[in-house]
Amino acid sequence: MPPAVDLLVKDAELLVVDGEREIPGGWVAVTDGRVAAVGGPGAEPEARSEVSAAGRIVTPGLINTHHHIYQNLTRSYAPAVNGSLFDWLTTLYPLWAALDEEAVYVSAYVGMTELLMGGCTTSSDHLYVHPRPRLVDAEIRAARDIGFRFHATRGSMTRSVEDGGLPPRSVTQTEDEVLADSERLIKAHHDPQPGALVRVALAPCSPFSVTKELMTATAELAERYDVRLHTHLAEDRDEDTYCMETYGCRPVEYFEDTGWLSDRSWVAHCIYPNDAELRRLAGAGVGVAHCPSSNMLIGGGTARVREMRELGLPVGIGCDGSASTDHASLWMETRGALLLGRYRGGPGAMTARDALDIATRGSAQCLGRADELGHLRPGACADLVVWDLHEVALAGALSDHVEAWLRCGPGRAWTTVVGGRVLVDRGEPVLPGLRDALREHGRIARSMQRLG
């Protein structure tokens, strides 16, 4: 009789099952895209395929709760690198007006590959620039071609410069266009079933880029179709001023007034809520996508992660835009969370295990998938990473493998598995379309940046 197990990842230096269980010398057995069993040395089942994790640690796949993948077409764009958030945006919006389906597809293909190489097995993406139709469809197509687990968030902007917003008219849409396309995308692509590879959420960009009417109507649409809600919230001090002048209230109060204060919502950044507002967000179960590198590069402050977690807010990790963060490594973002947490609160404020928990179980909570993602308990989706740190980097790191994983890097994914499929093997992506995608990405990026 052939083995019942499809894939066995074995001989790990340390298997991190979840935030409560770690197994030295552990193994993970995978059947039909799910974790069938985990265990210690000497009890490994036979399997059709095996991956050796000898000398390496194994963790659940990291989960990215906030990104703008298309922005990898304008990474490190010289005229914008030293600007404030609003300067950065107004410099890049005219370039992003050139986005079309091909540009979004190749940027998504390359961006998802980079995420896989950094240990990410599930990502959301906030695509809010829509100069042409069906751009979200293009990135969903890239995710399906790769086999990546993807939460597409249908972003939107309706307030152009002429309406008192920041973006040019060329990248905004009308409220009717946004709502009609949001409903179309849910019907066409959202998979509510357990183990889904593609889900859709609704994501007006920010309080200063859409109307109050669209925020309210989007919350109602999400309730009707039982999908999640995402937006930027309390990211910048200018947002406080804008909301007071435009709506007569602070951003969190506006968020509540429009029907978003619920456990259906998760928000990016959330840097400037006051203590009372944090308690209101926590009481409603709103999740927060913490984006360490973007916070540091733009210099706009950072979320009070320790306080949020103590209040019970779900907190996950986000890469944020590839044009502000300039990379798509969840390992780097997780390390950034460790460093920022300790910088804000002292050496006892954040451990490597805390940061890993945020990037796995916390992120899964933000996406509404804590039951099947972010851990390797039997029944979970078989999304996992075998991590490689060079022996030179690990020299002397003998007493705590998890702390060493995040402190001693750089860390990279040696093997990345999504739904039981190996998509990165020995540090290299196993993706036949990557060469073509990179070639087209280079051509489109040069054109978009007007480099000839």
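The following exercises, each with a worked solution, concern a predicted model.

Residues are numbered from 1 along each chain as its sequence is written. Because the model is predicted, local features need pLDDT of at least 70 and side-chain atom pairs count only at pLDDT 80 or more, whereas totals for chains, interfaces and linings use all residues; side-chain values use heavy atoms, with hydrogens and water left out.

**Exercise 1. The open sheet**

Determine the strand order of the open sheet and identify its edge strands.

Solution.
- Step 1. Helices (H or I, at least four residues) and strands (E, at least two) are DSSP runs, numbered from the N terminus. Two strands pair if DSSP finds at least two bridges between them.
- Step 2. Four strands then give the order 5-4-1-6, with mixed pairing.
- Step 3. Strand 5 (34-39) and strand 6 (47-52) each pair on one side only and are therefore the edge strands.
- Step 4. From one strand to the next, the twist averages 20°; axes are lines fitted to C-alpha atoms (for helices over the stretch in contact), and angles run from 0 to 180 degrees between N-to-C directions.
- Step 5. Strand 1 (residues 5-10) and strand 6 run parallel and are joined by five bridges. Lys10 has Ser52 of strand 6 as its bridge partner.

**Exercise 2. Geometry and burial of helix 12**

Compare the span of helix 12 with the expected value, locate its bend and state how far the helix is enclosed.

Solution.
- Step 1. The expected span is 1.5 Å times one less than the number of residues. For the 15 residues of helix 12 (352-366) this is 21 Å, and the 20 Å from first to last C-alpha is close to that value.
- Step 2. The bend at a residue is the angle between axes fitted to the seven residues ending there and the seven starting there. At Ile358, helix 12 bends by about 35°.
- Step 3. Buried means under 20% relative accessible area, exposed over 50%, and partly exposed in between (1.4 Å probe, protein chains only). Since 11 of its 15 residues are buried, helix 12 is largely enclosed by the rest of the structure. Among the buried residues are Leu356, Ile358 and Cys366.
- Step 4. Just after helix 12, Gly368 adopts a positive phi of about 75°.

**Exercise 3. Salt bridges**

State how many salt bridges the whole structure holds, and explain what the pairs Arg443 with Glu102 and Arg309 with Asp354 tie together.

Solution.
- Step 1. A salt bridge is a side-chain nitrogen of Lys or Arg within 4 Å of a carboxyl oxygen of Asp or Glu. The search finds 33 of them.
- Step 2. The closest N and O atoms of Arg443 and Glu102 are 3.1 Å apart. Arg443 belongs to helix 15 (residues 434-448) and Glu102 to helix 2 (residues 101-117), so this pair ties together parts 341 residues apart in sequence.
- Step 3. In the salt bridge of Arg309 with Asp354, the closest N and O atoms are 4.0 Å apart. Arg309 lies in helix 10 (residues 305-311) and Asp354 in helix 12, so parts 45 residues apart in sequence are tied together.
- Step 4. Arg309 and Asp354 also belong to a salt-bridge network with Glu20, Asp357 and Arg361.

**Exercise 4. Backbone conformations**

Describe the peptide bond from Gly409 to Pro410 and the phi values of Cys270 and Asp320.

Solution.
- Step 1. The Gly409 to Pro410 bond is cis, with omega near 5°. Pro410 is in the loop between helix 14 (401-407) and strand 19 (412-418).
- Step 2. Cys270, although not a glycine, has a positive phi of about 50°; Cys270 is buried at 1% relative accessible area.
- Step 3. Asp320, in strand 17 (residues 320-321), has a positive phi near 65° and is buried at 5%.
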